[in-house]
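Please work through the exercises below with the sequence and the coordinates open beside you. Each task is followed by a solution that proceeds step by step.

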Amino acid sequence: MSELPPRDSGESDGFDDIVDAETERDPDLALIEAGSRTLRTQGGAPQGDGVPGRPQDPQVAEALREVETELAGRWGETKLEPSVSRIAALMDVLGDPQRAYPSIHITGTNGKTSTARMIEALLGAFELRTGRYTSPHVQSITERISLDGAPIDYERFIETYRDIAPYVEMVDQKEEFRLSFFEVLTGMAYAAFADAPVDAAVVEVGMGGSWDATNVIDASVAVVTPIDLDHTDRLGSTPGEIAQEKAGIIKQGATVIMAQQPVDAAQVLLKKAVDVDATVAREGLEFGVVSRQVAVGGQLLTLRGLGGEYDGIFLPLHGAHQAHNAAVALAAVEAFFGIGAEQARLLDVDTVRQAFAGATSPGRLEVVRRSPTVVLDAAHNPAGARVTAEAISEVFDFSRLVGVVGSSGDKNVRGVLEAFEPIFAEVVVTQNSSHRAMDADELAAIAVEVFGDERVQVEPRLDDALEAAITLAEEEGEFSGGGVLVTGSVITVGEARLLLGKG
């Protein structure tokens, strides 16, 4: 295995610990890694939280509702037909707008949206005009398509839909199945980015990779955040099986920025990199987190990038997982600028610091109220719930934490509840307004098995659940440090955010 580049004598030894830990892995990876090139150096941020409310203009609000209704009449995001033929046909009749700009493509199980937002902030800080496409949204559908770090405005969203609607209809008539909700939104995003025009697009997959609608781009940088079990009925029952699908975003000659992965997932990703002659940068070897300290309002980081070390980085997001997301984002932007493959230099450190200092990720360990503290986090699978539980324990000194959990029926709800059981004194189970929401009583039955009957309260309405949880937290007294964590689904978090006055 190739060694890391030589470091200056004054450089921190912390990265050696990362390398030592990372190299104590399954020896079966050695042969794969020997066949893949590894990327290493030879020798302004958006404002606000990026979550809009509803339009104030009644005519605009009505037009937006009409678009949302038309989109909702299509296949939802959970009904899939594994093919990119329809989206490819739409791109063809639109003149291939997705080829008008370079792209960074992001897949993985958890951390995709936070990583995408950090990449966007970094590119923007270096004065590139950016487009970002992420899903699902927290409160407004327009969040999914961002220009220059802010959601596309309502009028532009409506106009983009109406512009491509005739072409969508043409494709619908020719294909066996109509374009889905997600496919039409993807077409809208790519068209909006070309129309802007943007200098770079940051694109998050909807699900998987190979047959995801976003995979009609030819991204020079492919990012793979940590892979774990989610959507197992569609993607596979092991990280390795899931990685087979997610590896589909790795294109010929691309650069792969790979977060730390389970061994079987890493094997699959590295094999794909070999097959398509892609260059690989692995967290813990070519880049990583050298050090992190909890700070007021976030954490202070030293990151090892592809070009060297970046210290004094304040990240206003909580949890070790966000530090790792930051390292992945930094490496992706370095690779986008050719650092490691073509150049041996650091990005401007002050610009990097500025970008990270302005990073936001709504609904991810987001504090929306004090006395008692109410935190929102969109964890919806066991892996996400575990990192959220660890971060809550690290960052907040709650004397009593009450959970509000509302989940989708297709998720591993038991695994999520088990991850939170050690930190929740009580849990209030509820349901959001989505047709996919698990019934509150059904969720309660599972919660009782995990927590015991005396620690579970059922409130089918989310507003009642929030009130009940806040009341329970306040029983500790005004200055005792009780808190509430709302979690289980992006939809639950988004609706709670609105109820609590955000957006």
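**Exercise 1. Which loop holds Pro 136, and which residue does a cis peptide bond join to Pro 136?**

Solution. Begin with the position along the chain: in this predicted model, Pro 136 is found in the loop between β3 and β4. Next, take the backbone torsion, where omega is about -10 degrees for the cis peptide bond that joins Ser 135 and Pro 136. Then turn to another proline, Pro 372, which is found in the loop between β13 (366–369) and β14 (373–376); the peptide bond that leads to Pro 372 from Ser 371 is cis, with omega near -5 degrees. As background, most peptide bonds are trans.

**Exercise 2. Is Arg 144 buried or exposed, and how many residues separate Arg 144 from Arg 132 in sequence?**

Solution. Locate Arg 144 in the loop between β3 (130–133) and β4 (145–147). Its relative accessibility is 2%, and because buried means under 20%, Arg 144 counts as buried. The separation from Arg 132 is 12 residues in sequence, while the C-alpha to C-alpha distance in space is 7.5 Å.

Apply the procedure to Arg 400, whose place is in strand β15 (residues 400–405). With 12% relative accessibility, Arg 400 counts as buried. Arg 400 and Glu 474 are 74 residues apart in sequence, yet 9.3 Å apart in space, again taken C-alpha to C-alpha.

**Exercise 3. Where do Glu 127 and Leu 365 lie, and what is the phi of Glu 127?**

Solution. Glu 127 lies in the loop between α5 and β3, and has a positive phi of about 65 degrees although it is not a glycine. For Leu 365, placed in the loop between α12 and β13, phi is near 50 degrees, which is also a positive value in a residue other than glycine. For reference, most residues other than glycine have a negative phi. Finally, compare the surroundings: Glu 127 is exposed, with a relative accessible area of 73%, whereas Leu 365, at 4% relative accessibility, counts as buried.

**Exercise 4. How many salt bridges does the structure hold, and which parts of the chain does the pair of Glu 449 and Arg 414 link?**

Solution. The total is 21 salt bridges. In one of them, the side chains of Glu 449 and Arg 414 meet at 2.4 Å, N to O. This pair links distant parts of the chain, with Glu 449 in helix α15 (residues 440–451) and Arg 414 in helix α14 (residues 413–420), 35 residues apart. Glu 449 is exposed, having a relative accessible area of 56%, while Arg 414, at 34%, is partly exposed.

Next consider Arg 282 and Glu 286, whose side chains meet in a salt bridge at 2.7 Å, N to O; both Arg 282 and Glu 286 are buried.

Last, examine Asp 172, which forms a salt bridge with Arg 178, the closest N and O atoms being 3.8 Å apart. Asp 172 counts as buried at 10% relative accessibility, but Arg 178 is partly exposed, with a relative accessible area of 42%. Arg 74 belongs with Asp 172 and Arg 178 in a network of salt bridges.

**Exercise 5. Which residues have the most contacts inside the largest nonpolar core, and which element gives the most to this core?**

Solution. The largest nonpolar core has 42 residues, and those with the most contacts inside it are Ile 119, Val 223, Ile 257, Leu 303 and Phe 356. Elements that each supply at least two residues of this core include β2 (103–107), β11 (298–304), α11 (320–336) and α12 (349–357). Of the contributors, α11 gives the most, with 11 residues.

**Exercise 6. How many of the 8 residues of helix α9 are buried, and which residues form a negative surface patch?**

Solution. In helix α9 (residues 239–246), 6 of the 8 residues are buried, so the helix is largely enclosed by the rest of the structure. The buried residues of α9 are Pro 239, Gly 240, Ile 242, Ala 243, Glu 245 and Lys 246.

For the patch, the members are Asp 57, Asp 153, Glu 155, Glu 159 and Asp 163. Asp 57 lies in the loop between β1 (37–38) and α3 (58–72), and is partly exposed, with a relative accessible area of 37%.

Definitions and conventions. Residues are numbered from 1 along each chain as its sequence is written. This is a predicted model: local features need pLDDT of at least 70, side-chain atom pairs count only at pLDDT 80 or more; totals for chains, interfaces and linings use all residues. Side-chain values use heavy atoms; hydrogens and water are left out. Patches are made of residues with over 30% relative accessible area and no salt bridge: like charges are joined within 9 Å, nonpolar side chains (Val, Leu, Ile, Met, Phe, Trp, Tyr) within 5 Å. Accessible areas come from the Shrake-Rupley method with a 1.4 Å probe; for residues, only the protein chains shown count as cover. A salt bridge is a side-chain nitrogen of Lys or Arg within 4 Å of a carboxyl oxygen of Asp or Glu. Lys and Arg count as positive and Asp and Glu as negative; His and the chain ends are not counted. The place of a charge is taken as NZ of Lys, CZ of Arg, CG of Asp or CD of Glu. Helices (H or I, at least four residues) and strands (E, at least two) are DSSP runs, numbered from the N terminus. Buried means under 20% relative accessible area, exposed over 50%, partly exposed in between (1.4 Å probe, protein chains only). A nonpolar core is a set of buried Ala, Val, Leu, Ile, Met, Phe, Trp, Tyr and Cys residues joined through side-chain atoms within 4.5 Å.
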